[in-house]
Amino acid sequence: MFLFLVHFFTFFASILAVFSASLPQDAVHLFGFRSSLPEPSQQLLPWNQSVLHCQWKGVSCYSDRTTHIESLNFRDFLLSGTLDKAFPNLCRLSHLVYLDLSGNHFTGGIPAMLANCSQLDTILLNDNKFSGTIPPEIFKSSKLIKLDLGFNQLNGTIPSEVGLSASLQYLGLWNNFLRGNIPKELFDLPNLTELYIHTNNLTGPLPDFPSSCSLSLLLIHQNRFSGSLPISLGNCHNLTAFYATSAHLGGFISPEIFRGLSNLEYLYLDDNNFEGEIPETLWNGSLQELALSWNMFNGSISEKIGGCHQITYIDLSVNKLTGSIPRSVGRLKNLSNLLLYDNMLSGSLPAEFGNCTSLVEISLVGNFISGEIPAELCNLQTLVTFNAFKNKIQGQIPDCIGRISGLQELALYENRLTGKIPPGITNMTKLAFLSLAHNNLTGEVPPELGKNNFPGLIKAWSPDS
C-alpha cells in the first residue's frame, strides 16, 4: 500500500509538472493565486487552461506579442478570504503594474508582502473588510502612483513612511478607523494631487502645506481635528476641491489663504467652529459650490459674491450673519440653491433675485427680513422651493406668483403679510406644501385649494377676517 501511494504521488507530481510546463509562467501564478482562495471564491474565477490566460475574466495582457500580464481587475467579483497566501503569487507576475481587488469581501490585514510587488504602480484594495494597521513597508516602492485602502476597517495611525512614496499621486484612506495626527510627510509628498482621508478619527492640528503643494483634491471631512486652517493651505494653487465638513476645525480664517486658491471650485467648511467674517478673498470666479453653514461666521455678506459667475450652490445658513442680502446676487445666472436660513439678516428681498433664472431653492427662514416680496420673483420659472417663514415680510403676495408653475413648496408663515391670497396660486398644479399661517391675510381661501389639502392655511387670517 505504501509503495502504491508513493507511485501515485510521483505520478501526480509529474502530471502537475507537465501541466505547469505547458502553461505560460504568468498563468501558473494566476492558478496559484486562485488556489489560495476559499473554494467559493475559486468558483468565481472560472479560468480554463485551454484558453490563453490573457482572455481570462479580469486579466489583461500587454498589446505586444508577449503574454505578460499588465493588469488584474477583479473589482466587485465578490471574492473572499485573506491575502497572505495570495500575494506571493501576484508578486511573481513581474510585469504586473495594475491591481484592482476593490469591492470584494477580503478580510485580515493588508499584507506587508505588498512591498515586494515593487513593479505595481496602482493598488486598489478599497471597499473590502481589511482590518489591522497599515504596514509601513508598502510605501517603500518608488513606482507606486495610486493606492486606495478606503472603506475598510483599518485602525492605527498613518505611517510616517508614507513620505517615502515620492511618486505617489493618489492616496485613499477614507472610511476607516484611523487615529492620531496627520504626519507632516504626507502633505510634503511632491507629486500628491488627490488625498482622501475623510471619515476617520484623525486628530490634532493640520500640518503646514509645503510651498510646492501639488494637491488638487483634498478631502478631510468627518474627523476630529483641532485648530484652524493653516495659512499655508494657500500654497496649494492647483486645489479645485476642499471638503472639511464636520472636521472639528475652528477659529478665524485668514484672507491670505484664498488669495492663493484662485482655482478653487468646491469648498465645504460646514459644521465646524469657524468664526469672524467670511473673507472677501473667498469670492472668486472659479467657485461653483460653497457650504459654510453651521458655523459662527458674523458680519455681512460681501457684494463681491456677485463675482462668482460659475457658482451653483451657496449655503451660509445657521451662522450669525447680519446686514442685507447683496443685490449683486442677481448676477449669479447659474445659481440653483441659495440657503441663508437661521441668521440675523435684515433689509428687503432684492428685486435682482428675478435675474437668477436658474434658482431651484431659496431658503431664508428665521431671519429679520422685511419689506415686500418683489414681483420680479415671478420670473423664476425653475423655482421649486421658496421658504421664507419666520421673518418680517410685509405687504401682499404678488398676483403673478401663479406664473411659477413648477413651485412645489411655498412656506411664508409667521410674517406680516396682508391682503388676499392671489387666485393665481391655484395654477400651481405641482404645489405639495403651502403654509401661510400666522400672517394678517384676509378674504376667502380659493376653493380650488381647500383647507383640507393645505392644513397650513387654517391660521392664515387675522381673527377678525
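Is C308 buried or exposed? At 0% relative accessibility C308 counts as buried, and this cysteine is one of those in this predicted model that take part in no disulfide. The structure holds four disulfides, and the topics below cover three of these links, the cysteines C308 and C356, and a set of aromatic and charge-over-ring contacts.

**Disulfides**

- With bonded cysteines counted along the chain, the disulfides follow the pattern 1-2, 3-4, 5-6, 7-8.
- C54 and C61 are joined by a disulfide whose sulfur atoms lie 2.0 Å apart, and the link is left-handed, with -90° about the S-S bond.
- Burial of this pair rests on the cut-off of under 20% relative accessible area: C54, at 18%, is buried, and C61, at 16%, is buried as well.
- C91 and C117 form a disulfide with their sulfur atoms 1.6 Å apart, and this link, with -70° about the S-S bond, is left-handed. The pair connects distant parts of the chain, 26 residues apart, with C91 in helix α4 (residues 87-91) and C117 in the loop between β5 (105-106) and β6 (122-124). Both C91 and C117 are buried.
- C378 is joined to C400 by a disulfide with an S to S distance of 2.0 Å, and because the torsion about the S-S bond of C378 and C400 is about 70°, this disulfide is right-handed. Here too the pair links distant parts of the chain, 22 residues apart: C378 is in the loop between β25 (361-363) and β26 (385-387), whereas C400 is in the loop between β27 (394-395) and β28 (409-411). C378 is buried, and C400 is buried too.

**Cysteines outside the disulfides**

- For C308, which is in no disulfide, the nearest cysteine sulfur is that of C356, 12 Å away; a disulfide requires the two sulfur atoms to be within 2.5 Å, so this distance does not qualify.
- C356 is likewise in no disulfide, and its nearest cysteine sulfur is that of C308, at 12 Å.
- C356 has 0% relative accessibility and therefore counts as buried.

**Aromatic pairs and cluster**

- The count of aromatic pairs comes to 13, among them the stacked pair of W47 and W56, with 5.1 Å from centre to centre and 10° between the planes. W47 and W56 are both buried.
- The rings of F151 and W174 have centres 6.0 Å apart and planes at 25°, and the pair is therefore stacked. This pair links distant parts of the chain, 23 residues apart, with F151 in the loop between β8 (146-148) and β9 (153-154) and W174 in the loop between β10 (170-172) and β11 (179-180).
- The two partners differ in burial: F151, at 44% relative accessibility, counts as partly exposed, whereas W174, at 16%, counts as buried.
- One aromatic cluster is formed by F31, F33, W47, W56, F74 and F77, and the stacked rings of W47 and W56 are thus part of this cluster.

**Lysines over aromatic rings**

- K57 lies over the face of F77, at 4.7 Å from the ring centre, and F77 itself belongs to the aromatic cluster that includes W47 and W56.
- K146 lies over the face of Y170, at 4.5 Å from the ring centre.

Key:
Residues numbered from 1 in each chain as written. Predicted model: local features only at pLDDT ≥ 70, side-chain atom pairs only at ≥ 80, totals over all residues. Heavy atoms only, no water. Buried < 20%, exposed > 50% of the residue type's maximum accessible area, 1.4 Å probe, protein only. Helix = DSSP H or I, 4+ residues; strand = E, 2+ residues; numbered from the N terminus. Phe/Tyr/Trp six-rings, centres within 6.5 Å; stacked < 30°, edge-to-face > 60°. Lys NZ or Arg CZ within 6 Å of the ring centre and 35° of its normal.
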